Each structure stands twice: as structure tokens, then as C-alpha cells.
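User: Please take a close look at the side-chain pairings in this structure and at where each partner lies. I would like one connected account, extended to the backbone around them where that is useful.

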Amino acid sequence: MRALLVTSVGVTCAAALTLPLAAPALSTPAAHSATARPPSLSPESPGSGPPAAHIEAAPPRTDETRAAALAGSTQSAPEPLAAPSDRSMGPAASGQGLDRRTARPFSLVGVVWDDAEAELHGTVQVRTRATGGANWSDWQDVETHNAEHAADLGSAERNSGAVRGATAPLWVGDSDGVEVRVRPEAADPQHRSAAVPLPEGLRLELVDPGEDPAPEPAPDALAGRTVTPAAFAGNPVPPTTTGAVPEALTAESAAASAVNADLAPLGAAVIPALTKAATEEEAAIVAAGAKPYIGPRPKIVTRKGWGADEKLRERNFAYTKSVKAAFVHHSASGNNYTCKQAPSVLRSIYRYHVKSSGWRDFGYNFAVDKCGNIYEGRAGGVSKAVLGAHTLGFNTNTMGVAVLGTYSSTNPPAAAVTAVAKLTAWKLGLFGANPKGKVTLVSGGSGKYAKGKKVKMNVISGHRNAFATECPGARLYKKLGKARTSSAKLQGR
């Protein structure tokens, strides 16, 4: 998996920002920086305009980062940049941008900046060129209001010093060319010549998801090795006994799998579905004291199954006391993916959350694709109360489920809504929660509720119920009533 770190320079709001691209020569995770010429943001047709500049990758340094510069450029700092030439933006919209650049293949883009507390008041748009093609896509919007998807204020994850401000990631498919423009909002609608300052340190992130994991070999074909409890040091739920681990598993992968050992063999790519009767029997072991209402366990693709690189995340797992509610999100990453590509989308978002945004792990506890497949998200065990970074102010004692896609004006597939119902019927059932019920949660501080405020919500809520946001999109939000009813029915209520 590769990420191209694109470092910004010259970040005054009145000037066009250089977001120089660099491309890695190797498949190992790497950050990159470069200088570039002034951008051209003219409203020409996608297939016209100046040729893309080629980016050369420099030899790797010992810290596994790569420095790169535009071919033929020797300057260590960018020259002063003029305002964009796109007059349709209006006087106040003079923003920052990057003209067309060629890069090594990538599939997901996003924009990050230095201060996690700073908001990007404006719009971000990108257009890309498919790998090997000549035509450029239309401009695509990137969701800028992403601060509400994050670890709670004051938490160890939030205060790690690594967290950055970030837009939502956008899946663009296999691409090798990119152009971006950032337009600030007018500071005063009556005086549009003044613009809201954009955050400092803006840079473009390009992520290559890498290859899909190899098919899981037959059990009798796996060579084994003994793993001692020391291999799981720092994780609160090690396996109860030592056992044979496939040679393909690293210690980090084994640890992420071991927390699901009661549900599937070590190293399994899938946690299999169970009947309701079998689930009720298992629940007595997995969640002692669980109420008798629980839905059948659905099939869940593990982190191993979608190819998570366990060396990216923070080693330890983090837990809360219970799971009292589920917050439903959309990933806002666009709908231009196939279900076969969903693991690639997940690997890209995972890297964007950890390496670009500075989070400890994938933000959501679970993900659901448009075909209704369910995926394990943040590591720590699918049946456990894992602390996520999905709903600012309400991550404690809740779970976050992201439906891959953008559902503001597009209806979510019925299969995805059904999957949300199945997942919540099982997971909430483990903790005795009624999907059609209400719950009182205490805010950790957000833009909608002050820290310490007690808020009564639906047990299955949309992200917008906890924060002033459009997430999970108007069309998906309208389906939550159906999801609650179906989830409760699956529990036997």
C-alpha cells in the first residue's frame, strides 16, 4: 500500500497554493514532498489544457520517506503564486489549487492540514485521469466537514499530537493524474471580496490501496508455528492458550485475529454466520449476562479478509464498558466502486485515517458495502466494546457503522440497509440493547452538544443526531426507521 504525501507551501488565502505531488518508486508506505510551478485553474474542458508534469521519485532515505520534485525543477522553495484564473469562482473565491499532475497510480484522494481544530470553510474539488487514459473526469466534490468523524476531545487518541485536520476521503478508482482546487467561503456574503482564511499546511493525499490479500489456503495446507502470550503483549484480550499460527501471520495480525478467537479460527478471513439458536448459545459465552433478545450473527469479513496492514495501527486496543447505541454513517467516499473493490476502498480509508489523519486505527467499528457485505473495522474484536473514532463526542459506549458510499442524493441499496439491520440486531443484542428503544448518552463535547450534557437518542441513530452534520446523507437517514424495525424483529422483539 502506498500513500503520496503532498506537502503545501505558500498558504495565504489570496494566493494559489502549491500542492506539489510526489510519487513513490516502491510499494512500501512512504511520504513525499515536492515543489511545483503555479497552478492553472481555468475552466477548460477536462480533456484539454497544459500537459501534466511528470514527477520523478528520488532515492529512499533511511526514514522510509521519499522526497521528489518536478522533473527539471531545482528550486528548494516555490516561486510566488498568482491567484487562480477561473473567474467563475468570484472575487472571494480566489483559492488554492494544484494544476494537472501525473503521479504513480492511486485510487483515493483527500486533503489534510496541520491543525485538527481548524475547519476548512470552503469547497474542495478534484478531477482525475484514469490510469493509462487520456481523458479527465468532471470535477468531483470532496466532503470538507469531516471533523465530526474523530476521536473525542480530551481522549488519548485526540491528544496524541499526530492528529490533523482532514476532508473525507474520496474514492476515484485507479488513476494516475490529478488536479485539485480549494475555494474558501466569503467572510461576509455582503462583501464577497473578503474570504475566510484557509487552514495552514494544506496538502493533497493520494492513496494506492495495494493488492488484495491472497485467497485463504486450506487449513491442512497451513504450516504452523507456536505463538507465546508474549506475542500479544499490550493487548488486553490475548488468546487463552498458545496455538499454531499460520506462517503468513505476523505478530500484529495474530493479535488482531486472536481477539476474535471465540468466533473463528486464528487467521480466518471470515467470521461465519450463525443461526439464531446457535447465536443465542454463543452469546451466553461471549457476552455473559446478555439479554435473551439477539439476532443471528451475520457473516463478517475480518481485517485479515480485507487485507488490513496491522503494522499501521497503534499496537494496543482500546475499549469502553458497553455498546448502548449504534451510529450509522456514510463514508462520503463516493459511489463509484464495485463490491469487488470494497476491500480496496477499506484499505485506502484505513491508511487515510491512520497515516494522513493521524488516528490510531480505522475510525469505524464496522463497514458495510453496497452489496450488503459486512466488514470488521477498528481492531479489538467484533463482539467487544471497542472504542472507535466515528462520532465526535459520542464514541464512548457506542459503535459506528459506515455504509461505503455517499447517500445525500442517492438511495442506499436495500442490501446495505438490511446488512445494517442484521449487524445491529446481533451486536446490540450482545449488550442487551433494543434497536427500537431510546438511550441516554453523555456528550464528550461536540459542535451540537456541550461536554457533559445528557442526550436522549434512538439506540440506532444517524450521525446527524449527535452532531450538526448531513451524515449519513438524507437518503440513508430516511432508511433508519426501517433498519430499526428489521433489527428488532431479528432480535425476536
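Analyst: **Side-chain pairings and their surroundings**

Asp 114 has a relative accessibility of 45% and therefore counts as partly exposed, since that class lies between the 20% limit for buried and the 50% limit for exposed residues. The model examined here is predicted. The side chain of Asp 114 meets that of Arg 203 in a salt bridge, with 2.9 Å from N to O. This pair links distant parts of the chain: Asp 114 belongs to the loop between strand 5 (96-113) and strand 6 (122-130), whereas Arg 203 belongs to strand 12 (residues 203-208), and the partners are 89 residues apart. The partner in strand 12 falls into another class of accessibility: Arg 203 has a relative accessible area of 10% and is therefore buried, because the limit for that class is under 20%.

The count of salt bridges in the model comes to 13. In general terms, side chains of opposite charge can pair when their charged atoms come close. Another of these pairings joins Glu 157 to Arg 378, whose closest N and O atoms are 2.9 Å apart. Glu 157 is placed in the loop between strand 7 (140-142) and strand 8 (165-166), and Arg 378 in the loop between strand 19 (374-376) and strand 20 (398-403), so this salt bridge ties together parts that are 221 residues apart in sequence. Both partners, Glu 157 and Arg 378, are buried. The loop that holds Arg 378 runs between strand 19 and strand 20, and Asn 397 lies in that loop as well. Asn 397 is not a glycine, yet its phi is positive, at about 60°. Its relative accessible area is 15%, so Asn 397 is buried.

A further salt bridge is formed by the side chains of Arg 360 and Glu 314, at 3.4 Å from N to O. Here too the pair links distant parts of the chain, 46 residues apart: Arg 360 is in the loop between helix 4 and strand 18 (366-368), and Glu 314 in the loop between helix 3 (303-306) and strand 17 (325-330). Arg 360, with a relative accessible area of 15%, is buried, whereas Glu 314, with 40%, is partly exposed. Salt bridges also link Arg 303, Glu 310, Arg 313 and Asp 361 in a network.

Helix 4, which precedes the loop of Arg 360, deserves a description of its own. It has 15 residues (342-356), and at 1.5 Å a residue these should span 21 Å; the end C-alpha atoms are 20 Å apart, which agrees. Helix 4 is mostly covered, as 14 of its 15 residues are buried. After helix 4 comes Gly 358, with a positive phi near 85°. On the other side of the helix, the loop between strand 17 and helix 4 contains Ala 332. Ala 332 has a positive phi of about 60° although it is not a glycine. With a relative accessible area of 15%, Ala 332 is buried.

The loop between strand 17 and helix 4 also carries a cysteine that takes part in a covalent link. A search of the whole structure finds one disulfide. Cys 339 and Cys 371 form it, with their sulfur atoms 2.0 Å apart. The pair connects distant parts of the chain, Cys 339 being in the loop between strand 17 and helix 4 and Cys 371 in the loop between strand 18 and strand 19, 32 residues apart. The link of Cys 339 and Cys 371 is right-handed, with 95° about the S-S bond. Cys 339 counts as buried, at 17% relative accessibility, while Cys 371 is partly exposed, with a relative accessible area of 46%.

Another cysteine, Cys 471, is buried, with a relative accessible area of 4%. A cis peptide bond joins Cys 471 and Pro 472, with omega about 15°. Pro 472 is found in the loop between strand 23 (460-462) and helix 6 (474-477).

A helix pair completes this account. Helix 5 (residues 414-430) packs against helix 7 (residues 480-491) at an angle of about 50°, and their axes are 8 Å apart. Helix 5 and helix 7 are therefore oblique to each other, and their crossing is right-handed.

Key:
Residues are numbered from 1 along each chain as its sequence is written. This is a predicted model: local features need pLDDT of at least 70, side-chain atom pairs count only at pLDDT 80 or more; totals for chains, interfaces and linings use all residues. Side-chain values use heavy atoms; hydrogens and water are left out. Helices (H or I, at least four residues) and strands (E, at least two) are DSSP runs, numbered from the N terminus. The expected span of a helix is 1.5 Å times one less than its number of residues. Buried means under 20% relative accessible area, exposed over 50%, partly exposed in between (1.4 Å probe, protein chains only). A salt bridge is a side-chain nitrogen of Lys or Arg within 4 Å of a carboxyl oxygen of Asp or Glu. A disulfide is a pair of cysteine sulfur atoms within 2.5 Å. Axes are lines fitted to C-alpha atoms, for helices over the stretch in contact, and angles run from 0 to 180 degrees between N-to-C directions. Angles under 35 degrees count as roughly parallel, over 145 as roughly antiparallel, 65 to 115 as roughly perpendicular and the rest as oblique. A crossing is left-handed if the near helix is turned anticlockwise from the far one by less than a right angle, and right-handed if clockwise.
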